[in-house]
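User: Hello! I am new to this structure and would like a close look at a single part of it. Please take me through it slowly.

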Amino acid sequence: MRRPRRDIVWIPTFALLVAFAVPWPLWGVDRVVAGLPVWIWWHVAWLGLCTVLFSRFARSGAWERGMGLRPGGDGDDRAAGGDAGAPAAGGERP
Amino acid sequence: MTLGLSLGIVVGYLFLALAVGLVAYRVSETTAEDYYLASRSIGTVVLLFTTFATLLSAFTFFGGPNLAFAAGPEWLIVMGTLDGVLFAVLWYAIGYKQWLIGNRNGYVTLGEMLGDRFGSTGLRALVAGVSLLWLFPYVMLQQMGAGEALVGLTNGVVPYWGGAALITAFMILYVVLAGMRGVAWTDTIQGLFMLSVVWVAAVWVVSAVGGVGAATGAMLDARPDFGSFGGGTYSVGFIVSTAITIAFGVTMFPQINQRFFVAKSGETLKRSFVLWPVLVLLLFVPAFMLGAWAAGMPVDVPEGANVLPVVLNEYTPAWFAALVIAGAMAAMMSSSDSMLLSGSSYFTRDLYRPVVNADASERREAWVARIGVAAFALLAFAASLFRPGTLIEVGSTAFSGFALLALPVICALYWERTTRTGMIVGVLVPQLAYLAVVLSAVVGFVPTLPRTVAGGWDVALGLMALSALLTVGVSLLTAPSAEGDASRFAVAGD
């Protein structure tokens with residue numbers, strides 16, 4: 001339920017990941033490296049980095065805590081039951 | 001002979017995709033939940049690819065390479081950033097939250113979720129209406145893309161309207177006959193197929209021109225400006241506002257937003273989120289680089305044709321070029337089906353039933369949905385014949401329209417103090433303003449309002465800020481209505 005303080009670090013991390021997926025420091029640079037403009041390589045490497053960090057975020061439990069749930073706790077488990085029809089019976093729709 | 005072969009492959013492939021959809025329909029049940037959401041039972045691979053394939057539209061497939069061909073490979077950066085990173089973050093912030101809420105309360109559409117939370121049929125209908133409005137240009141975009149693709153593939157023998165009509169017919173057939181399960185299956189097959197085939201195409205073309213270095217060298221000889229990052233079309237304003245409006249817009253697209261309700265478990269959403277940046281890159285790099293490299297190839301792109309089919313025709317055998325175009329058209333058909341299907345659920349559940357006829361039988365509702373889809377697709381087809389802009393322009397208009405919904409929705413998801421009036425004002429006012437901007441360009445007798453200001457900044461970005469300000473500001477000034485229930489959006493505890 002309670003968010004450890006280090007979870008907060010994910011917010012600026014995500015902001016940085018989004019902001020520098022665009023290779024701003026290479027603005028106007030026209031070097032070609034290994035057949036492609038160097039800024040394309042920056043982008044490719046950056047998206048690889050995103051996947052690595054996203055995977056850490058998802059596995060660390062911050063994914064659930066960010067929504068106020070306990071990792072592996074009931075909030076997620078119940079839904080994960082796979083019995084899809086059950087929670088959605090639909091009878092009480094407005 | 002070659003022409004017959006190409007057309008045979010395209011039409012044959014579309015029939016094959018239709019057959020897979022029908023098989024899927026046979027094994028599915030027929031409740032509304034099943035029809036629209038495949039009983040919330042979609043696993044990681046299918047969820048990943050079905051979301052991926054809905055992004056696999058004419059916008060990515062033909063519009064992207066066209067823009068890279070005309071203005072440079074920076075489009076790869078714009079799309080990679082918005083789709084691979086920003087959309088992934090929103091996938092968590094909006095998608096996971098919606099999944100948790102939807103799983104608790106059994107929601108099927110965004111409008112239903114908001115309408116229930118704020119106790120307002122009006123808000124529900126408003127959200128559905130706005131969504132259908134912007135879905136229209138995006139469906140039209142697929143028809144434009146298909147029309148231009150066949151012009152390119154057949155060197156203009158098949159007229160533009162012929163390709164557009166072909167895909168319209170398949171869209172309608174498909175969506176009337178199958179449901180989400182059909183779409184989800186075929187999306188997976190088509191996603192995998194397109195991913196492989198685009199790489200094969202890239203390798204084929206690149207080896208024909210002497211390797212990656214030679215392709216880039218020729219591109220730079222023809223267009224020296226393509227080598228340096230930024231410049232030309234790609235101003236800072238263009239990059240930032242395009243990335244933000246499209247990424248937020250994508251989350252509010254009916255077919256994408258409805259995907260947030262379909263995952264089998266939280267794990268499924270998590271894994272899709274992690275794999276997303278890589279998957280996006282795997283598609284965008286070959287597709288957009290082919291477009292950019294084409295600038296240095298001795299190919300002649302006819303007026304009103306897409307660049308990709310022309311390049312394939314030049315460097316690969318006719319059957320392979322036809323196969324790629326067929327795959328792209330099938331993927332577009334499948335995207336359009338998802339859109340039309342989600343659109344029809346918005347229409348019947350959020351507009352027809354609550355506003356027009358509350359006592360409609362299921363049978364009647366199903367017929368209303370099917371007729372609605374057919375009429376919608378036909379109207380979009382008619383509009384596509386006028387070709388009001390490039391693929392990217394038409395697509396961006398639709399994305400921006402949807403993006404204006406995103407911030408009020410985020411506000412509702414995370415801020416309990418949001419009120420019904422705040423939501424209605426926050427959604428309605430920016431929509432009206434943007435609609436005025438868009439329509440002023442179409443209607444002849446009024447002055448055209450600017451779409452971008454100060455060197456490429458999209459006015460939609462300003463209107464997004466306005467939507468957030470209005471939602472928060474009006475919520476603070478108004479009291480929550482008695483019918484509203486913030487606890488509907490609680491995800492922890494009971």
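My request concerns the aromatic pairs: how many does a search of the whole structure find over all chains?

Analyst: Happy to help! Please keep in mind that this is a predicted model. Over all chains, the search turns up 40 aromatic pairs. Let us visit a few of them and then look at their surroundings.

A good place to start is chain A, where A:Trp24 and A:Trp27 make a stacked pair. Their ring centres are 5.9 Å apart, and the angle between the planes is 25°. That angle counts as stacked because it falls under the 30 degrees used as the cut-off. As for the surroundings of the two residues, A:Trp24 is partly exposed at 26% relative accessibility. Its partner A:Trp27 is also partly exposed, with a value of 36%.

Now move over to chain B, where B:Tyr13 pairs with B:Phe193. Here the centres are 5.2 Å apart and the planes meet at 35°, an arrangement that counts as tilted. This pair joins distant parts of the chain: B:Tyr13 sits in helix α1 (residues 2–27) of chain B, while B:Phe193 belongs to helix α9 (residues 180–208) of chain B, and 180 residues separate the two. B:Tyr13 has a relative accessibility of 13%, so it counts as buried. B:Phe193, in contrast, is partly exposed at 23%.

Ring pairs can also join up into a cluster, and one such cluster has members from chain A and chain B. From chain A come A:Trp10, A:Phe14, A:Phe54, A:Phe57 and A:Trp63. From chain B come B:Tyr92, B:Tyr96, B:Trp99 and B:Phe273.

Another residue with partners in both chains is A:His43, which you will find in helix α2 (residues 38–59) of chain A. With a relative accessibility of 0%, A:His43 counts as buried. Setting aside neighbours within four places in sequence, A:His43 touches A:Ala21 in its own chain. Across in chain B, the contacts of A:His43 are B:Leu76, B:Ile77, B:Gly80, B:Thr81 and B:Leu281.

It helps to set these residues against the chains they belong to. Chain A has 94 residues, of which 39% count as buried. Its 4 helices and 2 strands follow the order α-β-β-α-α-α along the sequence. Chain B has 494 residues, and 63% of them count as buried. There are 19 helices and 2 strands in chain B. The link between B:Tyr13 and B:Phe193, 180 residues apart, also has company: among contacts in chain B between residues at least 6 apart in sequence, 86% join residues at least 24 apart. For chain A, the corresponding share is 52%.

One last stop is the largest pocket, with a volume of about 1,300 Å³. Its lining is made of 46 residues, and those nearest the centre are B:Gly389, B:Thr390, B:Ile392, B:Glu393 and B:Val394. The lining divides into 25 nonpolar, 15 polar and 6 charged residues. Helix α17 of chain B gives the most to this lining, with 7 residues. Other helices of chain B that each supply at least two residues include α4 (58–71) and α7 (121–153).

Terms used:
Residues are numbered from 1 along each chain as its sequence is written. Chains are lettered from A and ligands numbered from 1 in the order in which they are written. This is a predicted model: local features need pLDDT of at least 70, side-chain atom pairs count only at pLDDT 80 or more; totals for chains, interfaces and linings use all residues. Side-chain values use heavy atoms; hydrogens and water are left out. Buried means under 20% relative accessible area, exposed over 50%, partly exposed in between (1.4 Å probe, protein chains only). Contact means heavy atoms within 4.5 Å. On a 1 Å grid over the protein atoms alone, a cavity is a set of points where a 1.4 Å probe fits but cannot get out, and a pocket is an open set with protein on both sides within 12 Å along at least five of seven lines; lining residues have an atom within 4 Å of a point. Grid points are joined across faces, edges and corners, and a volume is the space filled by probe spheres set on the points. Ala, Val, Leu, Ile, Met, Phe, Trp, Tyr, Cys and Pro count as nonpolar, Asp, Glu, Lys and Arg as charged, and the others, Gly among them, as polar. Rings of Phe, Tyr and Trp (its six-membered ring) pair if their centres lie within 6.5 Å; planes under 30 degrees apart count as stacked, over 60 as edge-to-face and the rest as tilted.
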